[in-house]
Amino acid sequence: MARVDLSPRDRLIEAGTRLLDSAGPESLQARKVAAEIGASTMAVYTHFGGMNGLLEAIVSAAFERFGAALASAPKTDDPMADFFVMGHAYREFALASPQRYRLMFGLAAPQKLHVPEIPVATATFDQLVAAVDRIVSTGRIRADDTVDLAGRIWSMIHGVVLLELVGTFEQDGRALTHILTPMTI
């Protein structure tokens, strides 16, 4: 049930996220989301300019939670260990919220979703860039362009997590211990 202490806009985002989590991206339709909060489809157009605007808001909210999960990894004086903890948080978020993860990365959208740049998604990537920069500064990895290194690492983690989500690897942790960690090292 939608929380009534939130604005109608926030209630629509929350309702869309609930539908996404329970029934997948295909369930994200203006009529269904509006019905979740007891409103007409006009509410989606009033607050978001249409369904694409609502989808962008849901993706932004998902990236906020994703970024918070990555940021929850404590920072110690060992940036390599911190990096592995962040990678674990990445995987845990994806496994706990597979539908959000799919939508965030354009793997499933109920319609053509065009999000040229979401600042919160960029901020999430910037967390990885900062972690990689800390490792580079210790000399533990080659001093290459930090953004390029972060992109390579993100791609590697994303690939393994995605293969785990679609069932190529069992979700028993072996993908983490037998594939991702050795590949990262």
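**A buried arginine in an all-helix list of elements**

Good morning. I begin with Arg 91, which is buried, with a relative accessible area of 4%. Please keep in mind throughout that the model we are looking at is predicted.

Where does Arg 91 lie? Its place is in helix α5, which covers residues 79–96. Which side chain does the side chain of Arg 91 meet in a polar contact? The partner is Glu 164, and the distance between the two is 2.7 Å. Glu 164 also appears among the contacts of Arg 91 once neighbours within four places in sequence are left aside; the others are Val 161, Gly 173 and Leu 176. Why do we call Arg 91 buried? We do so because its relative accessible area is 4%, and the word applies under 20%.

Let me now step back to the chain as a whole. Its secondary structure consists of nine helices and zero strands. Read from the N terminus, the order is therefore simply α-α-α-α-α-α-α-α-α. The C-alpha trace spans about 55 × 30 × 30 Å along its principal axes. The chain has 185 residues, and 42% of them count as buried. Its accessible surface is about 9600 Å², and carbon and sulfur atoms account for 56% of that.

Two further values describe the chain. Of the contacts between residues at least 6 apart in sequence, 60% join residues at least 24 apart. There are also 17 positive and 21 negative charges, and the mean positions of these two sets are 5 Å apart.

I turn next to helix α1, residues 8–23. This helix has 16 residues, and from its first C-alpha to its last it reaches 22 Å, close to the 22 Å expected at 1.5 Å a residue. After α1 comes Gly 24, with a positive phi near 85 degrees.

Which residues of α1 are buried? They are Arg 11, Leu 12, Ile 13, Ala 15, Gly 16, Thr 17, Leu 19 and Leu 20. The cover over these buried residues includes α2 (30–36), α3 (42–48), α4 (51–71) and α6 (98–104).

Thr 17, found in helix α1, deserves a word of its own. Thr 17 counts as buried because its relative accessible area is 9%. Setting aside neighbours within four places in sequence, Thr 17 is in contact with Ile 58, Arg 65 and Arg 100.

To close, we have looked at two buried residues: Arg 91, at 4% relative accessible area, and Thr 17, at 9%. Thank you for your attention.

Note on methods. Residues numbered from 1 in each chain as written. Predicted model: local features only at pLDDT ≥ 70, side-chain atom pairs only at ≥ 80, totals over all residues. Heavy atoms only, no water. Helix = DSSP H or I, 4+ residues; strand = E, 2+ residues; numbered from the N terminus. Buried < 20%, exposed > 50% of the residue type's maximum accessible area, 1.4 Å probe, protein only. Contact = heavy atoms within 4.5 Å. Areas by Shrake-Rupley, 256 points an atom, 1.4 Å probe, with all protein chains shown as cover. Lys, Arg positive; Asp, Glu negative; His and termini not counted. Charge placed at Lys NZ, Arg CZ, Asp CG, Glu CD. Polar contact = N/O pair within 3.5 Å; in protein donor to acceptor, adjacent residues only side chain to side chain. Expected span 1.5 Å × (residues − 1).
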